[in-house]
Amino acid sequence: MKIIHTADLHIGQILYQNYERCDEHLHFFEQLKQWCKEEQPDVLLVSGDVFDIQQPSTATKKLFNEQFVKLQKEMPDMHIVITAGNHDSASRLQADRDVWTFSNTHLVGVAPSLMLNDGWEDDYIIELPSGFIVAMPYMLGDRSQQLQSLLDCVAQRNTDGRPVVMMGHLAVTGSDITGHDFEIGTLKTQSLASLGTGYDYLALGHIHKPQTLGHPEDSMNMEAITYPAPVARYSGSALHVSCDETYPHTVSLIGIDHHGGQVTVRQLRIDELRHFYTLPEDPNAAFADEEEALEGVKSFCQTVGRGYIRLKVQYSADLSANFAQKVYDILESRGNEVRYNPKTLWIGEPEKSQDEIKQTFELAELQQMNDPIEFIEKTKTQYPRLDFHFLNDVIKEIEAEVERIKEKEAAKQAKKTNDSTTDDTTNPEQE
Ligand SMILES: [Mn+2]
């Protein structure tokens, strides 16, 4: 079974509230089409975040329709499977499903509900002569049981050892999230183990850096690499979605010989229409003042002439209030081929006074505390504005609440164990 795996297209993305990226997406689709023609895969997988927003514009939907119809027309035997990511509207994608089925294109928007009807598996299992695809879109809740029952269902049908592929859109615990600015605590990760067993290749989306899980050493390797099944991989996004995604972007060409056999991964490097630059390009330099920064922008326009730029400016530089407008004015005369990220990187911030530094606790400090009261006692001189007595009361209260919750949980657990013992004796078939 031969697969081309991509994800996180984010069609319709507007960068820095200013720049449409249609031409960049078209440039991507041109390459994708070329690769499909050359490689003749059995199936093209798009693992979620097809669109950048839930209600894409008419122009964006048109681009989606045109490009996927084109792919299908050129490769009528190739199947296309597209799942919804967290950026997509699950129900909107699902609503178009029936129409697309006529052209070997399978859209899966909505995740299985907790109440399942007979035959629900058929909404997620795509059986092809070359193999099986379990197409899972982005899921909010824990669907471990449904995933395993889908894989079990495939195992039953798969009497001739065909390859089994599963798709998912989620952050797997331990993956490399370089380039994503997730705030601490907002990224929900799931363990690979919770996604079940029985697939040969797990085609993941959501994390934008291309990577095979468990093989960080292979991330920049463009040669064909063979692993024993199962293999879990993020294809990475189609375009750089932010300027922090400095690594190369690729689509993944996957070959699977048979179920439980060998999986071969080869990355196809995507040529980006516009690259991201931080000016000055010398990592140790920063613009000293406004004049130098504007000169830097002009010179970039003349030499490179295309791309997204952000500026590194010395902290001491005094930029005028309409600095960004001055940059836009320079770029406008260049037809907006050079695009500006107005979030300036400030270099060489002067050292803060002791009083300014220790207003809050660092997360790492909190994690080191075995006994917070003892820790704060020891370090309170560093925090001149800290109301120690107040904090002491708060922590005591939290500790008491945690105890209460623990007791409640223990009581609940004890009751559950009792109940399930009763259930087991009355009806051993029921779970
Ligand atoms: Mn996503």
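# Exercises on a predicted model

In this predicted model, Val43, Leu45 and Ser47 point one way from strand 4, Leu44 and Val46 point the other way, and all are buried. Let us work outwards from that strand.

## Exercise 1: The strand and its partners

Task: Find how well strand 4 is covered, and which strands pair with strand 4.

Solution:

- Step 1. Look at the cover. Strand 4 spans residues 43–47, and five of its five residues are buried, so the strand is mostly covered. Buried here means under 20% relative accessible area.
- Step 2. Look at one partner. Strand 1 (residues 2–6) pairs with strand 4 in the parallel sense over four bridges. In this pairing, His5 stands opposite Leu45.
- Step 3. Look at another partner. Strand 5 (residues 79–83) also pairs with strand 4 in the parallel sense, over five bridges. Here Leu44 has Ile80 as its bridge partner.

## Exercise 2: The whole sheet

Task: In what order do the seven strands of the open sheet stand, and which strands are at the edges?

Solution:

- Step 1. Write down the order. The seven strands run 6-5-4-1-16-17-14, with mixed pairing.
- Step 2. Read off the ends. Strand 6 (105–108) and strand 14 (225–228) each have a single partner strand, so one side of each has no neighbour in the sheet.
- Step 3. Check the twist. On average, neighbouring strands of this sheet are turned by 20° against each other, direction ignored.
- Step 4. Find an antiparallel pair. Strand 14 and strand 17 (residues 262–269) pair in the antiparallel sense over four bridges, and Ile225 has Val265 as its bridge partner in strand 17.

## Exercise 3: Two helices on the sheet

Task: Which strands do helix 1 and helix 2 touch, and at what angle do the two helices cross?

Solution:

- Step 1. Place helix 1. Helix 1 packs on the sheet and touches strand 1, strand 4, strand 16 (250–256) and strand 17. The direction of helix 1 makes about 170° with that of strand 1.
- Step 2. Place helix 2. Helix 2 packs on the sheet too, touching strand 4, strand 5 and strand 6. Its direction makes about 150° with that of strand 5.
- Step 3. Compare the helix axes. Helix 1 (residues 22–39) and helix 2 (residues 58–74) have axes that come within 10 Å and cross at roughly 15°. Angles under 35 degrees count as roughly parallel, so helix 1 is roughly parallel to helix 2. The crossing is right-handed.
- Step 4. List some residues that meet. Among them are Leu26, Phe29 and Lys33 in helix 1, and Leu63, Phe68 and Glu74 in helix 2. The residues of this contact divide into eight nonpolar, two polar and five charged.

## Exercise 4: Special spots in the loops

Task: Where are the cis peptide bonds at Pro230 and Pro280, and is Gln17 buried or exposed?

Solution:

- Step 1. Go to Pro230. A cis peptide bond joins Ala229 to Pro230, with omega about 0°. Pro230 lies in the loop between strand 14 and strand 15 (231–234).
- Step 2. Go to Pro280. Leu279 and Pro280 are joined by a cis peptide bond with omega about -5°, and Pro280 is in the loop between strand 18 (276–279) and helix 6 (290–303).
- Step 3. Go to Gln17. Gln17 is not a glycine, yet has a positive phi of about 50°. Its relative accessibility is 81%, so Gln17 counts as exposed.

How values were computed. Residues are numbered from 1 along each chain as its sequence is written. This is a predicted model: local features need pLDDT of at least 70, side-chain atom pairs count only at pLDDT 80 or more; totals for chains, interfaces and linings use all residues. Side-chain values use heavy atoms; hydrogens and water are left out. Axes are lines fitted to C-alpha atoms, for helices over the stretch in contact, and angles run from 0 to 180 degrees between N-to-C directions. Angles under 35 degrees count as roughly parallel, over 145 as roughly antiparallel, 65 to 115 as roughly perpendicular and the rest as oblique. A crossing is left-handed if the near helix is turned anticlockwise from the far one by less than a right angle, and right-handed if clockwise. Contact means heavy atoms within 4.5 Å. Ala, Val, Leu, Ile, Met, Phe, Trp, Tyr, Cys and Pro count as nonpolar, Asp, Glu, Lys and Arg as charged, and the others, Gly among them, as polar. Buried means under 20% relative accessible area, exposed over 50%, partly exposed in between (1.4 Å probe, protein chains only). Two strands pair if DSSP finds at least two bridges between them.
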